[in-house]
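This report describes selected features of one protein model. The sequence and structure are shown first, and the discussion follows under short headings.

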Amino acid sequence: MVMFWPIQQQLNCISSSGSILGKIGFDVFKDEYIFYPDSESTTLSSEEQSSIDERLAGLVSGKYAIPMQDDD
């Protein structure tokens, strides 16, 4: 299971053990959502990868959204 927690216009991807796997953010230059691993040594289980892939697809389709932070 992966929990997705919004922070600074990105989603933290947190494992069931509480470790941060990485972040999902929108790349304006590529016009797509991208998963950025927390470190190069981060390895995802098939369940974690599946959850992240499903969230990425949901963001593209409009099923999910990343809340935008208002700093004003």
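## A charge over a ring

In this predicted model, R55 lies over the face of Y64, at 3.8 Å from the ring centre.

## The aromatic pair

A pair of aromatic rings is described by the distance of the centres and the angle of the planes. A search of the whole structure finds one such pair. Its members are F26 and Y33, whose ring centres are 4.9 Å apart and whose planes meet at 65°. Because an angle over 60 degrees counts as edge-to-face, the pair of F26 and Y33 is placed in that class.

Are these two residues buried or exposed? F26 has a relative accessibility of 39%, so it counts as partly exposed. Y33, with a relative accessibility of 26%, is likewise partly exposed.

## Strands 1 and 2

Strand 1 (residues 2-7) runs antiparallel to strand 2, and six bridges join them. Within this pairing, P6 stands opposite L11 of strand 2. The two strands form a hairpin with two residues between them. In the turn, Q8 has a positive phi of about 50°.

Strand 2 spans residues 10-15 and is mostly covered, with five of its six residues buried.

## Strands 2 and 3

Strand 2 also pairs with strand 3 (residues 20-27), in the antiparallel sense and over four bridges. Here I14 has I20 in strand 3 as its bridge partner. These strands form a hairpin with four residues between them. The turn contains G18, which has a positive phi of about 95°.

Notes
Residues are numbered from 1 along each chain as its sequence is written. This is a predicted model: local features need pLDDT of at least 70, side-chain atom pairs count only at pLDDT 80 or more; totals for chains, interfaces and linings use all residues. Side-chain values use heavy atoms; hydrogens and water are left out. Rings of Phe, Tyr and Trp (its six-membered ring) pair if their centres lie within 6.5 Å; planes under 30 degrees apart count as stacked, over 60 as edge-to-face and the rest as tilted. Buried means under 20% relative accessible area, exposed over 50%, partly exposed in between (1.4 Å probe, protein chains only). A charge sits over a ring if NZ of Lys or CZ of Arg is within 6 Å of the ring centre and within 35 degrees of the ring normal. Two strands pair if DSSP finds at least two bridges between them.
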